[in-house]
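Hi,

Here is the structure I promised to pass on. Have a look at it first, and my notes on what turned up follow below.

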Amino acid sequence: MKKTISEVKATIKSIITVNRLVVFAFAIIGNYALCSTNKQVEDVDLYINKLQNKSSITAIRELGFLGEKASKAVPYLANFINDECPNTYDRNYSSSYHKCYEAINALGRIGAASVKVLISKLNTNNTRVVKSIIQTIGNIGTPASHSISYLADFIQGECDDICDEAITALSKIGQPAVNILISKLSNEKVTDDIIIAIGAIGPNAYTAIPFLENFINDECNSSCFAAIDSLEKIGEKSIDTLLEYINSKNQLLQEYILNAIGEIGNSTDKVIIPLSGLINDDCNDICFTAVEALGKLGKPAVKILKNKLESNNEVLLERIIYAIGVIGKSASNTIPHLKSKLTSTNNIDIKNSIILTLGKIGQKSKSAVPELINLLDTPINDSLTFYNNNYNTVINTINTLGKIGMAASPSLPKLAKLFYKHRKNEELCHIIIKNTNDILKDSLINANNTSISEIEKITTNIESSFKDLTNNPTLKDIKIANTSLSNHIKLEKKSLKYEIIYWINQNIFIFWISIYISSLILIWLIIFLAKPLWILNVNESIKSYTEFQLPSWLGGMKLPFNLVLIVGFFHYRPRVLDAWVKSHIYSARERFSQKSTVYDRKVYIPVPVEIDGELLDSLTLTALEKRTRKKKFCLLISGEGGSGKTSLACQIAKLVMEEEKNNRPSYHIMLPILLEHELDVNLSEDSDTLLTVIGRQLQDLIESPAPIPERLLQYLLQYQRLLVIVDHFSEMTTESCKQFHPEIHTFSINALIITSRNEENLGGCIKSVIKPLRVSGNHLSSFMEAYLVKRQKRNLFDDSTFFKYCSKLSSIISNREITVMLVKLYAELIISKVESNCEAQLPESIPDLMLSYLNNLNKNIHKKKLDDLTVHRDMKTIAWVSLKTNFQPSSPLIAEVLSEMEGENKQERLKYLANQLRIIHFIQPAQERIRIALDPLAEYLAGIKIVESFAEQTHFWHTFFHEIDDKIISRKHIHGFLLAIWDCCLANQSHIAIPLFIYDELSLKVERSAAMEQE
């Protein structure tokens, strides 16, 4: 009993201790929360006090960022909104203009607590302010519902911008605004806008259904269609209203109603039965639209569609089959009917539709496998594929078998037969391999639920059908999947023992074999030391010989002939590779310097860099040696467009080709491979895309008449005899970027330089990051002087003239830091001005500098010269086409560029820009794409194009800003492009009526993009 009491006491003591710890923890948490709340309150008071001094613009913005917690500041912020608020843009960032609109934005972020103040400011005479307040109220949404009557006052008479904003704001407020919007439907001048706004509210606007119905009539005017669209957005509660017009005499109205019903997706009988009544053998557009709508309704409509499969009208039948395919797996009970039609019909279009529908139903279509296998015997003609219906039938059948998966394994022998019969048809072979692999993968997934005999049957079919499975690289994926299945079988057969049989040759022959091997090793070793290139030549010359089969008493195995002669063991040794590189280095240096990218950057001026966080005045040989004299290295040169990334990469490439070891950063000479364009990821199914592209570049670099052997190429990469330079990495597509991830290749790139605007992850690869820095204002003249000296043009300028031009450049860039490229463009411009004794004025802005640079290039052309305006127009078009997708310079298709260009002789004008001005490049080898030589030039020309095209058209700007927000959120590096647009707006504000709000929006987005890129 004593022991029990002591145990109880100990337990009680433990409970008390735990409780104390819990109380202490809650006290800490509560104290932290209280401190955090007090800190925010202190921040609000601090920013309110700052509203009276010069930093008020920052205080206003920070109060907005605090949101609802800054409700205390509402009356203070309201003081900045008054009739004295300027109606025109003011470049002074601390002006009352910025304070007014920043205060409105801040009140919008604070939310419901600001609504009353915002309403009170609606009586101002400044229309710009009123419009901004209405937008802000709308953004607050439902909490701003007590502003509805005030917003409604702006909806009257002709619908101006403020009226539009009021309607939009009411739609954002939502359900509370429905009644007031309904009351405004009588105003014919805003009827369509009101109807659209009601639809934007969605299901909560169901009370407006009777009023919207009044606009549905046989006249089919814009209000009618807008009402139907809004009823569709309201959803299921509008179904009854829409069904009333399903039998309208107006066919266009009837089709529109049917589409709306299909999109709503109500699958009850009250919808399905009326729709089915419209399906008949007359086959008009109404009938087809009804079938399409039933397909969108899903599984409940399957029964109706299945019954309609008995139709004798082939056109209707095809539409019904397609609708069943839209339903997909849920339509599996139609498979028997589809099978019957598949075997009975002679209509090739219906047959293909059935095959595709069975594929969409998927694995549940396994009962149709025998019929599908029979279709594989359909005769096809390899020379006629696009217009050959039989060919399409076979292709569709193969794809459907792949989607069915394991149940389609009986088709494997026929698929293999087709593969070997039509080996020259790459498309067909690729489809066969893909779908065979899909069948095997599905078999592996279901292997645990399938008997071993079934799995063995599948692997046997593969091995017997694809006889060259082991040696054919095209069948690699099939081999891997089949091996996985075989391994599964072995694991399952744990009770079975596999004996390993070793066969050993008789000892009497070991001596003679040793003599043979030793003699050959000695001979090849001497050659290896004296003439290492001979080793490579001998191996390549005997490569074509067939494999040598050893006698049966030696095992009967097959060996490559060069291994039998022992020379194969010396084949790709580093000494041999060095000899091969040295034999091509002279032509490689010359050819590399002739590349347009390298030639355009032949004048290199060292600039300050940051390398792995260390700031250097320039990239020194010592700093490079620390990072390149390793078994594997990757240099990532990261920076904005025009910062000198490509120039730096080209300079390193020249260094690694130096003869003297003391003058190069690497232990041995390397050949640079410059990859600056998208990779053709569909080059061939049986080759590695990246390796193929590197091989072609190397062949061109050393002027080899024959392709570089793949194995030699792999060893050159492995032993760092090739330096692969990937330029414009951040502008490449995801498919191209993936090609540089080491895990997808069987070879290694052990010397790699990548230039990118982003600090790339590169699949976790260890890398050194080099960041070229901008030229600051106090180093501008020294950099300019160094460039002129390197160009041997410094003597053209006396000191006063030189510093006058430097001062002019400082005024152009507004004393901000500048990229290397812009300094070079300006230097080339003043060189040309002085040499030609031209009196033309220097540019006043960076956009003018870009256009002047084009003029400077064009003035030296005399034969079949294009005028400057044509060059400007074409380059602005090309620049916008290259940036409009991701707002980063890219390589658009020539066909896309030609479609955007205006005028005649487009091809000749493109060739003029490429061959005469050398400002664009045709991308080799296909020459289907082009790229502007300088990224910042592309950004500024695109910026000019946008400013000139959009001008005062606000709806274009709004759409553009939405796209910019998406890019910033997805962390696209578009800061340079946004700065270019900002400069273009400022440069053109005197002669283009750019809306004032554009400057505010651009300022915010420039700041956001800069912050994102710093993160």
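Let me start with a single residue: asparagine 482 has a relative accessibility of 4%, so it counts as buried. Keep in mind throughout that this is a predicted model. Asparagine 482 sits in helix α26, which spans residues 476-492. If you ignore the neighbours within four places in sequence, asparagine 482 is in contact with Leu440, Thr459, Ile462, Glu463 and Leu469.

Now the chain as a whole. The protein chain has 1015 residues, and 49% of them count as buried. Its secondary structure comes to 47 helices and 11 strands. As for contacts between residues at least 6 apart in sequence, 70% of them join residues at least 24 apart.

The sheet

What I spent most time on is an open sheet of 7 strands, with mixed pairing and the order β4-β3-β9-β5-β8-β7-β6. At the edges you will find β4 (614-616) and β6 (671-675), each of which pairs on one side only. On average, neighbouring strands in this sheet are turned by 20° against each other, direction ignored.

Two helices to look at here: α32, residues 621-628, packs on the sheet and touches β3 (609-611), β4, β5 and β9 (768-772). The direction of α32 makes about 130° with that of β5. Helix α34 (residues 689-701) also packs on the sheet, where it touches β6 and β7 (722-726), and its direction makes about 120° with that of β6.

If you want to walk across the pairings, these are the ones I noted:

- β3 and β9 run antiparallel and are joined by 3 bridges; glutamate 610 has lysine 771 in β9 as its bridge partner.
- β5 and β9 run parallel, again with 3 bridges, and leucine 635 stands opposite serine 768 in β9.
- β5 (residues 633-638) and β8 (residues 751-756) are parallel and share 6 bridges; phenylalanine 633 is partnered by alanine 751 in β8.
- β7 and β8 pair in the parallel sense over 3 bridges, with leucine 752 in β8 as the bridge partner of valine 724.
- β6 and β7 are parallel too, joined by 5 bridges; leucine 671 finds its bridge partner in leucine 722 of β7.

In case it helps when you set up your own view: strands of a sheet pair through backbone hydrogen bonds, either parallel or antiparallel.

How covered are the strands β7 and β9? For β7, 5 of the 5 residues are buried, so this strand is largely enclosed by the rest of the structure. Both of its faces are covered, with Leu722, Val724 and Val726 buried on one side and Leu723 and Ile725 buried on the other. β9 is mostly covered, with 4 of its 5 residues buried.

Helix α35

Next to look at is α35, residues 710-718. Its buried residues are Leu712, Leu713, Gln714, Tyr715, Leu716 and Leu717. What covers them includes α28 (532-541), α30 (574-594), α34 and β7. So α34 and β7 turn up twice in these notes: α34 touches β7 where it packs on the sheet, and both are among the elements covering the buried residues of α35. After α35 comes glutamine 720, whose phi is positive, near 60°.

The largest pocket

This one may be the part you open first. The largest pocket holds about 1500 Å³ of space. There are 41 residues lining it, and those closest to its centre are Asn105, Gln135, His958, Phe997 and Glu1001.

Which helices supply at least two residues each to the lining of the largest pocket? They are α2 (56-66), α4 (96-110), α6 (127-140), α8 (161-173), α45 (954-969) and α47 (997-1014). The largest share comes from α47, with 9 residues. By class, the lining has 11 nonpolar, 14 polar and 16 charged residues.

That's what I have for now. Shout if anything is unclear.

Cheers

Technical notes:
Residues are numbered from 1 along each chain as its sequence is written. This is a predicted model: local features need pLDDT of at least 70, side-chain atom pairs count only at pLDDT 80 or more; totals for chains, interfaces and linings use all residues. Side-chain values use heavy atoms; hydrogens and water are left out. Two strands pair if DSSP finds at least two bridges between them. Axes are lines fitted to C-alpha atoms, for helices over the stretch in contact, and angles run from 0 to 180 degrees between N-to-C directions. Contact means heavy atoms within 4.5 Å. On a 1 Å grid over the protein atoms alone, a cavity is a set of points where a 1.4 Å probe fits but cannot get out, and a pocket is an open set with protein on both sides within 12 Å along at least five of seven lines; lining residues have an atom within 4 Å of a point. Grid points are joined across faces, edges and corners, and a volume is the space filled by probe spheres set on the points. Ala, Val, Leu, Ile, Met, Phe, Trp, Tyr, Cys and Pro count as nonpolar, Asp, Glu, Lys and Arg as charged, and the others, Gly among them, as polar. Buried means under 20% relative accessible area, exposed over 50%, partly exposed in between (1.4 Å probe, protein chains only).
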